[in-house]
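This report walks through one protein chain. Keep the sequence and the 3D view side by side while reading.

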Amino acid sequence: MAGIGAEREIAGPLINPNLVDFWNEVLKPGVDGAALYGGRSSSKTRDTACCLVHLVDTVPVKIRVLCIRRFQNRIQESVYTELKWAIQHLGLSDRFIIQKTTIIHRITGSEFIFYGIERNLEDIKGTSEIDILWCEEAEKLTADQWKVIEPTIRKEDSLAIMLFNPNLVTDFVWKEFVVNTPPNWVTRQINYDQNPFLSKKAVRGIKSMEDRDPDGYRHIYLGIPKGESELSIFRRKWLDACIDAHKVLGLELTGRNVVGFDPADDGEDACATAALKQGVFAGIEEWHADKDQLPDSAKRARATALQAKATLSYDTIGVGAFVGGYVDELNRRKDVLGTVQHVPFNAGGAVVDPDKPSDPHNTNSVKNRDEYLNRKAQAWGNTARKAMMTFNAVTRGISIPPSDVLSFSSDVPEEMLDALFVELCVPEWVESEGKKRVEPKKQIKKIKGVKSHNLADAVIAADNAEINSYSLDNL
């Protein structure tokens with residue numbers, strides 16, 4: 001069979017009228033996939049069940065629908081139960097055979113097949129002739145799993161449908177299908193406030209959570225991924241606008257060449273460099289190194305700075321304390337080319353210019369000493385302010401000084417920029433002693449399951465090389 005192709009029909013009776021336009025678009029020929037995401041109680045799963053049951057009943061050819069989720073210990077834990085409900089709700093009980101593990105259309109032989117990804121990945125890999133893939137709880141899908149699953153829907157006119165409640169901005173599905181939506185895909189966000197059939201009691205419970213736990217409410221019921229809340233230091237849309245911002249704004253940026261270096265000494269954490277050349281981030285690298293490879297990592301960062309004719313700005317916390325002395329040693333050696341100036345970035349140090357306004361363009365803003373707990377918070381706040389100002393300049397035409405433009409060259413590989421932007425978006429502001437501090441890395445790893453943001457720290461170190469105990473002007 002050649003797939004459902006032109007046999008697709010516009011969605012029929014759905015329980016939520018707010019999704020009719022979405023399904024009309026998704027079921028057009030030529031659409032490869034759809035991502036339906038948002039908070040809880042938004043009717044995503046029930047509407048999908050109704051749509052697919054109606055589609056299977058009205059298309060006069062055999063359709064194979066593969067329904068998957070991460071874990072499925074029992075068939076009742078899958079969307080099997082929702083499909084049974086939809087069949088009854090649409091008055092189609094006499095047209096389907098509901099078996100223990102499959103659901104089959106009596107006339108066309110169309111079938112719904114159910115698998116749990118975690119335990120049945122190889123079985124899914126061997127499944128063929130799939131017309132529609134329905135992935136429930138897709139926020140848990142990994143890139144490696146998708147590489148195995150995606151080939152099952154390569155028939156002409158086959159369709160993938162991803163349903164999920166966003167979790168982290170680092171999640172594969174969020175980055176792959178929302179942030180970087182593939183061609184011929186349709187995305188739609190829906191939340192509880194667009195579900196007209198939600199009970200008044202349920203709405204009261206949701207509103208109660210909004211009052212008790214605003215951050216939890218935004219994540220759970222508004223579908224805002226962690227790392228993209230009001231407390232996030234950076235917004236993804238700001239950073240996207242910073243790609244080639246100097247070209248978009250027609251500005252020739254100037255400034256010292258600085259390479260930011262964030263060292264690491266174990267396999268899970270990574271070393272990273274970010275090269276800022278004449279006001280534009282033109283090179284970003286990341287690599288893994290063990291404790292016995294610290295000299296090699298420092299040598300590599302020094303070589304990057306030497307090639308860029310740049311000053312090396314490095315994080316001095318932990319293993320970074322070793323870098324300055326080693327670079328000095330290399331500078332003195334006759335068998336090593338060139339000399340590289342370096343400047344330590346003491347993230348845990350006191351804020352610089354404590355009595356100056358935290359926003360240099362607003363004399364009424366709070367002083368640095370009252371806004372930020374330490375130098376790291378001040379640096380992250382400074383770069384985030386530049387990202388926001390650049391976004392406003394690019395998208396709204398607001399004039400800003402060239403020194404406030406944050407620009408990333410499009411010559412940097414797209415996957416590297418994406419990894420950097422995700423790392424910048426994950427940390428949130430937390431309060432300590434009544435002042436802002438950057439969410440601790442240990443907390444980010446424990447609560448969000450996100451690795452250390454080394455790329456981001458390298459960018460921050462390069463962009464804030466002047467925020468340290470030395471002055472670049474005196475080098």
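S41 is partly exposed, because its relative accessibility is 33%, and the partly exposed range lies between 20% and 50%. The model is predicted. S41 sits in the loop between β1 and α2 (44-58). Its phi is near 60°, a positive value in a residue other than glycine. Most residues other than glycine have a negative phi.

D244 also has a positive phi, about 55°, and is not a glycine. Its loop lies between α9 (236-241) and α10 (245-248). Is D244 buried or exposed? D244 counts as buried because its relative accessibility is 13%, and the cut-off for buried is under 20%.

**The whole chain**

The protein chain holds 17 helices and 16 strands. Its C-alpha trace spans about 85 × 50 × 45 Å along the principal axes. Of its 475 residues, 53% are buried. The accessible surface comes to about 22000 Å². Carbon and sulfur atoms account for 47% of that surface.

Charge comes next. There are 60 positive and 68 negative side chains. The centres of these two sets lie 3 Å apart.

How far apart in sequence are the residues that touch? Take the contacts between residues at least 6 apart in sequence: 71% of them join residues at least 24 apart.

**The eight-stranded sheet**

Eight strands form an open sheet with mixed pairing. Their order is β3-β4-β5-β2-β6-β7-β1-β8. Which strands are at the edges? They are β3 (96-98) and β8 (185-189), each of which pairs on one side only. Neighbouring strands are turned by 15° against each other on average, direction ignored.

Look inside the sheet at β2 (residues 64-69) and β6 (residues 132-135). These strands run parallel and are joined by four bridges. Here L66 of β2 stands opposite L133 in β6.

Two helices that pack on this sheet are α4 and α6. Helix α4 (residues 117-125) touches β2, β5 (111-116) and β6. Its direction makes about 125° with that of β5. Helix α6 (residues 172-179) touches β1 (33-37), β7 (159-164) and β8. The direction of α6 makes about 125° with that of β7.

**Strands β9 to β11**

Strand β10 (residues 271-277) is mostly covered, with six of its seven residues buried. β10 pairs with β9 (residues 258-262) and with β11 (residues 280-287). The table sets these pairings beside the β2 pairing.

| Strand pair | Sense and bridges | Facing residues |
|---|---|---|
| β2 and β6 | parallel, four bridges | L66 and L133 |
| β9 and β10 | antiparallel, five bridges | F261 and T273 |
| β10 and β11 | antiparallel, seven bridges | L276 and F281 |

β10 and β11 form a hairpin with two residues between the strands. Which residue in this hairpin takes a positive phi? It is Q278, with a phi near 50°.

In a regular strand the side chains alternate between the two faces of the sheet. Keep that in mind when viewing β10, where six of seven residues are buried.

Note on methods: Residues numbered from 1 in each chain as written. Predicted model: local features only at pLDDT ≥ 70, side-chain atom pairs only at ≥ 80, totals over all residues. Heavy atoms only, no water. Pairing = 2+ DSSP bridges. Axes fitted to C-alpha atoms, helices over the stretch in contact; angles between N-to-C directions. Contact = heavy atoms within 4.5 Å. Buried < 20%, exposed > 50% of the residue type's maximum accessible area, 1.4 Å probe, protein only. Areas by Shrake-Rupley, 256 points an atom, 1.4 Å probe, with all protein chains shown as cover. Lys, Arg positive; Asp, Glu negative; His and termini not counted. Charge placed at Lys NZ, Arg CZ, Asp CG, Glu CD.
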